[in-house]
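Q: I should like to learn how to read the features of a structural model, one at a time. Where should we begin?

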Number of protein chains: 2
Amino acid sequence: MSAGDTHTLAEAVLSGSRRALARLLTRVEQAQPDAQDALSFLFPHTGHAHVIGITGAPGTGKSSLVNALAKAYRQQDKTVAIIAVDPTSPFTGGAILGDRIRMQDLSGDSGVFIRSMATRGNLGGLSRTTRDAIRVMDAAGFDIILVETVGAGQSEVDIVRTAQTTIVVEAPGLGDDVQAIKAGILEIADILVVNKADRPGATNTLRALKTMLELGHPTSRTQTTHHHGQLMAVEKPVTDTEAAFWLPPIVETVAVTDTSGTRGIDNLQQAIASHQAYLSDGPARAQHEYQRIEIELYERLQQTLIHRLRQQLSPDQLRQVIDRITARELDPQAAVDLLLESPSLEKTSSDVLQLPLSGS
Amino acid sequence: MSAGDTHTLAEAVLSGSRRALARLLTRVEQAQPDAQDALSFLFPHTGHAHVIGITGAPGTGKSSLVNALAKAYRQQDKTVAIIAVDPTSPFTGGAILGDRIRMQDLSGDSGVFIRSMATRGNLGGLSRTTRDAIRVMDAAGFDIILVETVGAGQSEVDIVRTAQTTIVVEAPGLGDDVQAIKAGILEIADILVVNKADRPGATNTLRALKTMLELGHPTSRTQTTHHHGQLMAVEKPVTDTEAAFWLPPIVETVAVTDTSGTRGIDNLQQAIASHQAYLSDGPARAQHEYQRIEIELYERLQQTLIHRLRQQLSPDQLRQVIDRITARELDPQAAVDLLLESPSLEKTSSDVLQLPLSGS
């Protein structure tokens, strides 16, 4: 595809073509070189959608909740794009299919666009691809973008944190392990949902969440540190002002495949609207966006640096070093120092990795 | 702590001091600068332990299984170290405590050493810290190191892949989401366990796993690609020879808090021993180790590069660029190119990032 074609594709996305949108998303997901041109072209048209991340442990009913939420927004004439990040391998499509079948009743509606992204076999890095996909959907004019992750690991949390409003979904009766995961993701929640609120144990789950919130908020956030090395876990302390203004509400919902049994979605929408208003009114929105972009920048810098390094390192050189490590002659950090510090390389390093000086 | 003290500490670890081991692990976890010296000192003493990773979705009973496995190894007079990676936040210790209470009956035994590591607030990057902790325990002389991750995200999978033998635990009756996760982690399994095999639905779980294995192995592995940019997901194709020799066995277990009700652990130990023998006999062990070290090297290179970059970038410069992105004047990739390519920086870049030339 030539640059001209990419341009045409991006313009078609802007003019509302669903077909162009799907094609461009595929190129983004495959990390096609020309996808970046399209993304650059579309970037000035982004920033209008409200991006809502939905995460939580397996078994909490996130997919049904996303489904119900999408329908509710459609009833308010808002257009909705859904990105479902599925931790499936590329060779088994079962789960993706299963989830999407539940969304069948949305599929005839041109105001809804659903995209699944597999976590494995993803060539651009998952949080980067998700971010780029969100931007393409944003430029395509969707009012609401729902990003759903199945799973509760750190990478899923990172993906959800690309959203403006993060919803953490809980459900009663999921056992000890799930409680453990809950503690980890609780601090990223802007809104907490107890789904399956009609099930036994819902009152206990609600009480446990309240206790955790009281223990953990807002002090919890200020305990996390901002550091180098592990980019994906970067978390800025929340200022006192900000923390004082937003305490995550807990919303009870019942989201089931049968729409008539669904309840609490209106309350959830209200909570989302409140969070959106909170973001728009104060300095919080700019602060949130600044942090999101900073994380993204470092992630991209890291990817670019390592990409260049990989191009520069010869397979022989790498094998030599690894063999020395295997023989316990060299420890891994010494190997890194050796690879990066070797004085024989100075003469060309400036062509490879150019770094800015402060105040340039 | 001076370099001399670190040296003393590392020597005490080698001579079997549990107190020194615990102290050094804390320094490793906190990414203390002197921890690297100790790791370099200990590195030549590593490579003896058999490292077993245990992962799976929440609710599968991994902790009880690890507990039962540790006891069984102790009965064979093998020393056992356990690293439990808990996705808890630093401010709520509930889950860690809960899991460890189940292991109470092991705690009086000096041949067992248990260490929990929190996924959040971890300063050195979790897979790096886990790898380093494994090396310290290995140098301390443990025969078996069990690495347990609660959760099923990509980061947890990466951690488990630092092991020589990877066990993926399943259990009946965990619903759709769990099935989805299963597909993603199935391809990393050397051994599959159906835990809670006495529960209703165990036969179905077993059958589903068998089908997935038939569909996905060994072809599945060769479909994954080795690429730059997203280091943690790097996976080398398995050669035909290797794939032909090891097909993951499926072992049924019942691991419960009440030891008398436990069964299937002997079969699991046999499966582990078979895998260990398979690794030792052929070229597989060297190949596995080569791949693990390659992944580690790139991860460390990446961390080191980004660390240097962070030191080099001034806050003003970063803010300027982010402000331009926020204003939609500059897209994120253009910003990265700008930061890395700026010609005014060439003169000092060689001091900052030195890269090797091939064949140097």
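Q: Which strand is joined to S1(B) by five bridges, and in what sense do the two run?
A: The model is a predicted one. To read a sheet, identify the partner of a strand and then the direction in which the two run. Here S1(B) runs parallel to strand S5 (residues 165-170) of chain B, and five bridges join them. Within this pairing, B:Gly53 has B:Thr166 of S5(B) as its bridge partner.

Q: In what sense does S1(B) pair with strand S4 of chain B, and over how many bridges?
A: A strand may have more than one partner, and each pairing should be read separately. S1(B) pairs in the parallel sense with strand S4 (residues 144-149) of chain B, over five bridges. The residue B:Gly53 is again a useful marker: its bridge partner in S4(B) is B:Val147.

Q: Why can strand S1 of chain B be described as largely enclosed by the rest of the structure?
A: The approach is to ask which residues of the strand are buried, a term that stands for under 20% relative accessible area. In strand S1 (residues 50-56) of chain B, seven of the seven residues are buried, so the strand is largely enclosed by the rest of the structure. Both directions should be inspected. B:His50, B:Ile52, B:Ile54 and B:Gly56 point one way from S1(B), while B:Val51, B:Gly53 and B:Thr55 point the other way, and all are buried.

Q: How does the span of helix H14 of chain B agree with its number of residues?
A: The idea is to set the expected span against the separation of the end C-alpha atoms. Helix H14 (residues 315-326) of chain B has 12 residues, which at 1.5 Å a residue should span 16 Å; the end C-alpha atoms are 16 Å apart, so the two values agree. Just after H14(B), B:Arg328 takes a positive phi of about 65 degrees.

Q: Which residues of H14(B) are buried?
A: For a helix, one lists the buried residues and then looks down the axis. The buried residues of H14(B) are B:Gln317, B:Leu318, B:Val321, B:Ile322 and B:Ile325. Viewed down the axis of H14(B), these buried residues fall within an arc of 125 degrees, so they line one face of the helix. On the other side of H14(B), the residues B:Pro315, B:Asp316 and B:Gln320 are exposed.

Q: What covers the buried residues of H14(B)?
A: Cover may come from the chain itself or from a partner chain. For H14(B), the cover includes H13 of chain A, together with helix H13 (284-312) and helix H15 (332-341) of chain B.

Q: How many salt bridges are found over all chains, and what is one that links distant parts of chain A?
A: One begins with the total and then takes individual pairs. A search of the whole structure finds 21 salt bridges over all chains. The pair of A:Glu296 and A:Arg131 links distant parts of the chain: A:Glu296 is in helix H13 (residues 284-312) of chain A and A:Arg131 in helix H6 (residues 126-139) of chain A, 165 residues apart. Their side chains meet in a salt bridge at 3.9 Å, N to O. A:Glu296 is buried, with a relative accessible area of 2%, and A:Arg131 is buried as well, at 9%.

Q: What does the salt bridge of A:Asp132 and A:Arg300 tie together?
A: Here the positions of both partners in the sequence must be considered. The side chains of A:Asp132 and A:Arg300 meet at 2.8 Å, N to O. A:Asp132 lies in helix H6 of chain A and A:Arg300 in helix H13 of chain A, so the pair ties together parts that are 168 residues apart in sequence. A:Asp132 is buried, with a relative accessible area of 6%; A:Arg300 counts as buried at 3% relative accessibility.

Q: Where do A:Arg300 and A:Glu296 lie relative to each other?
A: A salt bridge may also form inside one helix. A:Arg300 and A:Glu296 both lie in helix H13 of chain A, four residues apart, about one turn of the helix. The closest N and O atoms of their salt bridge are 3.0 Å apart.

Q: Which residues are linked in a network of salt bridges?
A: Pairs that share a residue should be read together. A:Arg131, A:Asp132, A:Arg135, A:Glu296, A:Glu299 and A:Arg300 are linked in such a network.

Technical notes:
Residues are numbered from 1 along each chain as its sequence is written. Chains are lettered from A and ligands numbered from 1 in the order in which they are written. This is a predicted model: local features need pLDDT of at least 70, side-chain atom pairs count only at pLDDT 80 or more; totals for chains, interfaces and linings use all residues. Side-chain values use heavy atoms; hydrogens and water are left out. A salt bridge is a side-chain nitrogen of Lys or Arg within 4 Å of a carboxyl oxygen of Asp or Glu. Buried means under 20% relative accessible area, exposed over 50%, partly exposed in between (1.4 Å probe, protein chains only). Two strands pair if DSSP finds at least two bridges between them. The expected span of a helix is 1.5 Å times one less than its number of residues. The arc is that of the directions from the helix axis to the C-beta atoms. Contact means heavy atoms within 4.5 Å.
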